[in-house]
Amino acid sequence: MLSDHPQFTERHNRLEKWRALGVDPFGQRCDGLMSAADARALHVDGTPHEGAENAKVAGRIMLLRDIGKLIFITIQDSSGRLQIGLTKQLLAAEWDKAKLLELGDIAWFAGKVGHTNTGEVTIWATAFGLSTKALLPLPDKFHGLTDTELRYRQRYLDLAANPESMATFQSRSGMIAEIRSFLHARKFIEVETPMMQSMPGGAAARPFLTHHNALDIDLYMRVSPELFLKRLLVGGMERVFEINRNFRNEGIDTRHNPEFTMLELYEAYSDLAGMMELTETLVATLAKKEAQRSGQIGDAVVLPYGERRINYTAPFMRVAYGELFATHVGVDMKDASAVRAAAHKHGLANTGGKDADVLRGELFEHLAEPSLKEFDRPVFVYDYPAGLCPLTRRKPGDPSLAERFELYVAGMELANAYTELNDPMVQYETFSSQLAGLPDHESMARMDHDFVTALCHGMPPAGGLGIGIDRLIMLLTNSTSIRDVVLFPLLRPAPRPAADDPSAPIA
RNA sequence: GAGGCCGUAGCUCAGCUGGUAGAGCAACAGACUUUUAAUCUGUUGGUCCUGGGUUCGAUCCCCAGCGGCCUCACCA
């Protein structure tokens with residue numbers, strides 16, 4: 001049984017009626033189509049009721065009003081919706097087929113673009129055909145699909161029935177194209193580095209483990225492309241970027257999906273300041289395009305996000321890590337004993353065994369980071385404690401600080417950038433001390449000898465930047481859950497229907 | 001991993017101090033040549049998430065499980 005849906009049989013009967021009329025219900029190629037939006041644009045002031053220009057469109061039947069010898073159908077394609085009028089008078093011999101069309105079917109229509117008595121732009125069909133018979137019905141034609149679980153599990157229904165969802169993913173695609181074109185204009189080249197790695201590095205995150213049969217080795221899904229992209233700097237690719245998936249075996253919530261898309265880029269001879277300029281320009285540019293798309297005019301770029309409105313007009317705010325720390329923890333970050341006392345006071349466990357910078361990081365996360373969601377502008381936080389950033393160059397004149405910033409928008413970490421560390425000896429020692437002090441899953445990075453070797457050959461001074469693409473899309477499309485900007489977010493597998501044989505082999 | 005909320009027809013949702021369920025849309029039969037979520041007449045459709053318990057009786061109360069959402073924890 002293909003489907004136990006209660007309407008499947010009725011629709012299958014309808015399919016047989018099409019066959020009886022000599023029509024292949026799973027159609028074929030259709031030439032000369034235009035989009036519904038383009039067809040609509042053929043209707044201008046002065047166009048007569050019955051129309052002047054010819055158009056041919058195809059799409060899914062979303063609404064159908066059968067008034068006897070006249071049928072109004074609203075089709076939807078990726079450009080939007082358009083009304084088709086089918087009359088017995090114009091279609092004569094094809095009328096039996098017109099009466100067979102039903103909601104959810106995919107069909108094409110050709111005719112002149114006119115309008116109805118009430119002014120609705122309408123193609124008065126003189127020819128049409130079934131492109132694909134739908135054997136299952138669409139969700140409620142008015143309410144769409146609201147069940148969040150079904151929206152994620154059956155995204156095709158969400159896209160077909162909920163125009164806002166389609167719009168979000170169209171925006172996503174457009175924004176990623178913008179990012180590529182922005183970087184190409186700045187002479188970056190796009191590369192792809194391994195997603196399956198024998199040693200996961202570049203970020204302190206739990207990896208997924210998998211296995212290669214022929215080589216009989218375990219492999220990790222990457223948590224970051226960083227160490228490979230830097231090898232490319234050593235090789236002479238001076239400006240590289242990758243937009244691709246990272247995989248982190250951690251919790252799932254509104255801001256985290258186990259696989260997520262990162263933009264990571266490296267620019268030789270640049271530094272943290274260069275990355276800040278690039279980030280600010282890129283994010284402000286994208287926000288401006290989105291604001292224009294939604295009809296905003298003028299120089300200010302303000303986009304809604306949940307309950308608040310974020311102003312993306314450059315320059316963004318800039319605040320030193322230590323400044324936020326002093327304000328919210330109430331202690332000078334450089335005063336190690338005061339930091340330890342503060343950690344103890346705020347009940348952080350095992351204060352004794354931890355590195356002082358780890359304590360600083362924890363205090364910051366608990367006390368300072370929450371305040372970042374109060375800002376209605378993007379804010380760069382810079383000058384991080386060096387111990388939290390093993391792949392980052394120290395600040396000239398203050399080795400306790402690292403040349404790093406994070407960009408926070410609406411309290412979300414959106415971007416992370418560094419002046420990259422390129423001293424192989426410092427790198428080696430940092431790796432070593434990180435591995436010695438902490439359990440594996442907490443270590444900031446694992447020892448990667450080949451990476452150290454690469455640095456020995458010389459990596460140019462560089463700035464590096466990572467931007468969480470999903471989060472960026474969330475902010476710009478006003479989506480408060482990452483699952484609304486990831487087409488197929490990870491869910492627990494749906495329970496297997498009882499009728500299925502649980503021992504059936506998986507293809 | 002912890003807490004809160006939720007799960008009723010294909011979809012969107014009502015309902016009940018405990019007495020085995022309703023509406024709209026969709027579907028089916030019919031009417032209709034200018035509709036706009038078309039309208040009108042008639043009809044079909046339910047493991048009230050699953051399994052226990054309490055009770056004369058559970059969709060409703062209790063416990064456990066499954067799934068989802070939210071908050072927190074985890075988290076370059």
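Helices and strands here are runs assigned by DSSP, numbered from the N terminus. With that naming in hand, one loop to find is the stretch between α12 and β15, where R377 lies. Keep in mind that this is a predicted model.

**Around the RNA**

Let's begin with RNA strand B. It is surrounded by 55 residues, and the closest are R65, Q83, T116, T118 and Y418. By type, the residues of this surface split into 19 nonpolar, 18 polar and 18 charged. If you look at the RNA side instead, 62% of the strand B atoms within 4 Å of the protein belong to sugar or phosphate, and the rest belong to bases.

Which elements supply at least two residues each of the surface near RNA strand B? They are α1 (8-20), β1 (54-66), β2 (70-77), α5 (148-153) and β18 (412-419). Helix α5 gives the most, with five residues.

A few polar contacts with the strand are worth picking out, and they involve different parts of the RNA:

| Residue | Protein atom | Atom of RNA strand B | Distance |
|---|---|---|---|
| D147 | polar backbone atom | phosphate oxygen | 3.0 Å |
| H256 | side-chain N or O | base oxygen | 2.6 Å |
| Y418 | side-chain N or O | base nitrogen | 2.3 Å |

Y418 thus turns up twice: it is among the closest residues to the strand, and its side chain has an N or O atom 2.3 Å from a base nitrogen.

**Helix α10 and what covers it**

Next, go to helix α10, residues 321-329. Its buried residues are Y321, L324, F325 and V329. These four sit on the same side of α10, because they cover an arc of only 105° around the axis. What lies over them includes β14 (317-320), α11 (336-345), α12 (356-368) and β15 (379-385). Just after the helix comes G330, whose phi is positive, near 80°.

**Strand β15 and its partners**

β15, part of that cover, is itself mostly covered, with six of its seven residues buried. It runs parallel to β14, and four bridges join the two. To spot the pairing, find V319, which stands opposite V381 in β15. β15 also pairs with β17 (residues 398-409), this time in the antiparallel sense and over six bridges. There, V379 has Y408 of β17 as its bridge partner. As a rule, strands of a sheet pair through backbone hydrogen bonds, either parallel or antiparallel.

**Back to R377**

So is R377 buried, exposed or partly exposed? It is partly exposed, because its relative accessible area is 28% and the partly exposed class runs between 20% and 50%. Setting aside neighbours within four places in sequence, R377 is in contact with I310, N311, P315, F316, M317 and Y408. With P315 there is a polar contact too: the side chain of R377 reaches the backbone oxygen of P315 at 2.6 Å. Y408, another of these contacts, is the bridge partner of V379 you have already met.

**A three-stranded sheet elsewhere**

For a last stop, look at H211. C-alpha to C-alpha, it is 45 Å from R377 in space, and the two are 166 residues apart in sequence. In this part of the chain, β7, β9 and β8 form an open antiparallel sheet in the order β7-β9-β8. Its edge strands are β7 (196-197) and β8 (209-212), each of which pairs on one side only. β7 pairs with β9 (residues 217-221) over two bridges, and Q197 has Y220 of β9 as its bridge partner.

Definitions and conventions: Residues numbered from 1 in each chain as written. Chains lettered and ligands numbered in written order. Predicted model: local features only at pLDDT ≥ 70, side-chain atom pairs only at ≥ 80, totals over all residues. Heavy atoms only, no water. Near = heavy atom within 4 Å. Polar contact = N/O pair within 3.5 Å; in protein donor to acceptor, adjacent residues only side chain to side chain. Nonpolar A, V, L, I, M, F, W, Y, C, P; charged D, E, K, R; others polar. Buried < 20%, exposed > 50% of the residue type's maximum accessible area, 1.4 Å probe, protein only. Arc of directions from axis to C-beta. Contact = heavy atoms within 4.5 Å. Pairing = 2+ DSSP bridges.
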